[in-house]
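This report goes through one molecular structure, moving from the layout of a chain to a sheet and then to a contact between chains.

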Amino acid sequence: MIVGIDLGTTNSLIAVWSEAGPRLIRNSLGEILTPSCVSVDEDGSILVGRAARERLQTHPEQTAAVFKRYMGSDRTVKLGKKSFRAEELSALILRALKEDAEADLGHPVTEAIITVPAYFSEAQRQATRAAGQLAGLRVDRLLNEPTAAALAYGIHKRDAETRFLVFDLGGGTFDVSVLDLFEGVMEVRATAGDNYLGGEDFVLVLNELFIQRNKIPQQVAQDSRFVQRLTAASEAAKRQLSESATASISLNVDGAVVSLELDEALLEQSCASLLARLREPVERALRDSNLRPSQLDNIVLAGGATRMPIVRRMVARLFGRFPSVDLNPDEVVALGAAVQAGLKMKDAALNEVVMTDVAPYSMGIEVVRTLPDGSSSYGHFDPIIERNSVIPVSRVQSYIPMRDKQTELELNVFQGEARLVKDNIKLGGLKIPLDKSKSRQDNAVSVRFTYDVNGLLQVEASTEDQPKPYSLVIEGNPGVLSEREIAERLAKLADLKIHPRDRMEHRTLLARAERIYQQLLGRERDWIGGQIAMFERALESQDARIIAPAQRHLGDALAHIESNSFLGHEPDPVG
Amino acid sequence: MDNVPYFLERFALDLGADERAIRRAYARELKLIDQEHDAERFQALRRCYDIALHWATTHAEHAGAADEQAEPERDGAQAGDGQEPPDAQSDPQAEHPAAQIRAMEAAIEAASDTVVGEFLEEFYALAASVAVVQIETARAMLQRHLGDPRMEALGSRDIAEARIAALLVEGWRRGHEVLLPTAMMEFGWHEDPRRLEQLGRPGAILNEALGEREHFFAQDFTQMELQRRLIDALRSEKRPSDTDLVRYADVVAGMELRYPNWFHVILASNKVKQWCELARVVPLSVSQNITVEKLDDKRASDKKGSFGWPVGIVIWLIYQLVKYIFNNS
């Protein structure tokens with residue numbers, strides 16, 4: 001059985017292909033969205049998901065979130081005494097999802113399809129793959145998120161002939177894809193995106209607004225506990241604004257209640273520069289597919305941030321019409337990953353469906369160009385695989401060295417669109433020895449780029465004397481783990497104590513209670529303190545007949561306090 | 001039929017095939033291939049498909065198929081022709097029969113034209129009133145106009161971009177030397193040269209011009225400063241001094257040879273010729289005492305020339321020596 005996983009910046013989901021079509025799997029709390037948060041508990045065990053999300057406010061030094069943004073870099077996050085790379089934190093999420101699926105399916109899960117933002121770079125894709133390996137999953141395929149959304153959308157319309165655009169604004173990334181659906185073929189025509197634009201950025205804008213308007217002193221504004229509490233409150237207010245016209249952010253700051261009233265207009269005005277950034281990728285995807293907006297039959301929304309009315313209005317203004325809202329944008333990517341799993345398993349129900357994807361960016365090498373008067377211009381980028389080429393793709397190009405009798409040719413491989421290599425991302429380098437007795441024309445080098453369906457690149461170079469190709473190994477990039485490093489980290493992760501899945505529900509409730517306890521003052525605080533102590537005693541009894549009522553009791557108490565105070569709600573992860 | 005081209009044969013189609021038939025045949029063949037593990041076969045199929053689609057498009061256009069059947073066939077059309085807005089927009093062979101859509105697109109185009117017109121009016125007025133237009137000022141002005149509510153619909157910026165590109169390659173006007181880098185930054189021509197490719201002929205010229213401009217800025221600093229001064233002098237109404245005329249005539253001519261497209265955009269076309277002619281008529285009594293300089297090709301940072309430095313120094317020493325001997329003789 002292959003599972004489909006949407007490993008998101010804010011939330012992650014797991015789904016499987018079933019006879020009835022794609023199906024989402026609930027976690028141990030019975031929820032579909034598992035927050036992409038990891039925390040180290042007091043006893044050193046690892047907490048994942050909602051419990052960790054609650055602890056983001058009470059134990060920010062022991063908790064990590066939004067680490068998808070560091071994928072493909074060597075940045076580490078310290079949780080208590082241990083430090084983790086983004087791959088490892090992601091692996092912990094994947095492991096939790098895997099266990100949820102195993103509990104649901106009743107058999108082990110070893111293979112997965114993981115979705116990545118279409119605009120993820122080589123290093124980010126490698127990191128995602130490594131995360132899967134670290135979680136004990138064979139990553140059969142990396143699937144672009146907007147393509148996954150398109151699969152989920154298209155599977156219902158497979159007999160139709162339609163052309164649509166997927167507008168995928170997730171927690172941390174933005175992708176746009178233009179697709180054509182005909183005769184069961186789902187063809188991605190063009191993709192564009194912004195790897196650093198997502199729902200989390202809108203929350204940061206609200207944080208900033210709260211700090212500015214209320215003149216919060218700097219030492220408070222930089223306190224990590226305050227930042228986490230504010231972020232949670234801003235997130236809740238952002239969600240609130242998706243349902244009602246106004247919302248407020250209220251926080252206890254040094255014993256006083258400080259608040260910010262928000263309405264749609266203020267949100268829209270504060271986020272204007274973020275909203276403006278949505279335009280360019282849409283324009284580019286349309287340009288690259290040679291289409292005008294009027295030639296699209298539909299706009300499909302994916303990613304939780306597209307729930308925001310200000311985002312929907314922006315989409316409506318851009319296209320001059322309203323987007324389709326048939327599918328839940330939080331779930332559509334995971335559902336599409338499950339469809340891909342079905343395709344991969346060659347499920348009979350899908351044998352009339354084929355999907356083709358494209359390379360999101362160009363890849364090529366550094367070259368020297370000659371100007372009209374014969375002088376040389378250095379540092380130019382020469383793309384070998386152009387962006388939006390249908391994948392898998394393999395292309396060869398020949399290059400001649402700069403000078404006669406040159407002994408070596410340096411091949412620098414880049415990814416990007418800029419005309420100069422200095423503005424693109426370097427993927428690696430390779431030195432090719434040349435026959436120094438030869439003239440430059442006789443010393444031509446063939447360079448082959450092969451880009452597979454997972455979005456991973458292979459580079460080979462050969463010369464006339466050396467027809468056996470040299471391969472480029474993209475290593476030494478600090479953002480990418482080597483096979484050996486993965487093995488080492490796998491051993492390290494195996495030593496971690498994971499909080500038992502069957503006790504997750506209690507642990508989550510306690511984490512939530514602790515969070516609320518910290519936000520309260522005076523009598524309310526003492527009262528909740530007492531409720532927590534009672535629940536802990538009940539847990540110690542290890543008797544389900546005692547625990548169950550105590551759990552209900554504490555849950556009711558928390559709900560009561562939250563609805564009767566200025567605490568705001570912890571965002572309800574079930575949309 | 002034995003003269004069926006291979007790209008149709010691959011799909012078991014004949015010359016009567018239209019785009020719909022090609023797509024259907026492609027879909028059928030695609031389902032027989034394992035893309036992931038048989039990349040080569042997939043690519044070969046894909047190549048045939050692309051060629052066949054392109055063939056169908058041009059074929060249909062030649063046949064003058066102006067009815068609705070032609071609708072999907074333009075999809076496969078290559079950039080260039082589809083993107084040249086004046087033609088594409090007024091194309092009577094509309095994609096969708098809905099006149100409504102055509103009217104909407106015409107409105108978008110008209111709005112962009114108005115806004116670009118307003119921008120240019122303001123920009124040229126500024127260029128006429130100050131000695132040097134700052135790029136930041138020009139960029140802010142362009143951004144303000146592009147941010148106009150009338151420019152909100154998708155595609156309006158593309159039209160504005162095409163208009164400005166076309167204007168730049170028409171030849172220099174006062175201020176164009178600033179409009180070029182301004183437009184480059186605003187439309188991301190340096191970050192994504194493919195945008196220029198999509199602009200057809202003007203884009204191709206600008207692409208060359210920007211490549212030349214990059215070479216200019218990658219030069220050795222003193223070289224660049226000298227050339228920058230010469231460009232200013234070329235653009236100026238004032239006649240350069242006899243010394244400058246003679247000393248730099250070759251440099252100026254060399255620059256135009258090296259940067260023909262860039263010069264076309266940022267300078268009036270006859271300026272270099274004028275300079276050289278003026279230099280020619282400088283009296284011999286004056287010109288014989290002037291050292292004529294040549295255009296150099298030195299880069300700011302020469303990583304690759306590991307022995308470029310020592311060679312450079314030797315040449316410089318010889319040059320100093322020669323100068324010394326000349327001056328003393």
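## Domains of chain A

In this predicted model, chain A is divided into four parts: domain 1, which is made of residues 2-197 together with 277-352, domain 2, which covers 199-274, domain 3, which covers 363-481, and domain 4, which covers 520-563. Taken over C-alpha atoms, the centres of domain 2 of chain A and domain 3 of chain A are separated by 48 Å.

## An open antiparallel sheet

Chain A contains an open sheet of four strands, in which the order is β22-β25-β26-β27 and the pairing is antiparallel. The edges of this sheet are formed by β22 (393-399) and β27 (470-471) of chain A, each of which pairs on one side only.

At the β27(A) edge, the partner is strand β26 of chain A, residues 457-463, and the two pair in the antiparallel sense over two bridges. Within this pairing, E460(A) stands opposite S471(A), a residue of β27(A).

## The side of chain B that touches chain A

Where the two chains meet, 44 residues of chain B are in contact with 36 residues of chain A. On the chain B side, at least two residues each are supplied by α2 (19-30), α3 (39-62), α5 (99-129), α7 (156-169), α10 (200-217) and α12 (242-258) of chain B. Of the elements on this side, α10(B) gives the most, with five residues.

As for the chemical character of the side of chain B that touches chain A, its residues divide into 19 charged, 15 nonpolar and 10 polar.

Conventions: Residues are numbered from 1 along each chain as its sequence is written. Chains are lettered from A and ligands numbered from 1 in the order in which they are written. This is a predicted model: local features need pLDDT of at least 70, side-chain atom pairs count only at pLDDT 80 or more; totals for chains, interfaces and linings use all residues. Two strands pair if DSSP finds at least two bridges between them. Domain bounds come from an automatic or database domain assignment. Two residues are in contact if their C-beta atoms, placed from the backbone, lie within 7 Å. Ala, Val, Leu, Ile, Met, Phe, Trp, Tyr, Cys and Pro count as nonpolar, Asp, Glu, Lys and Arg as charged, and the others, Gly among them, as polar.
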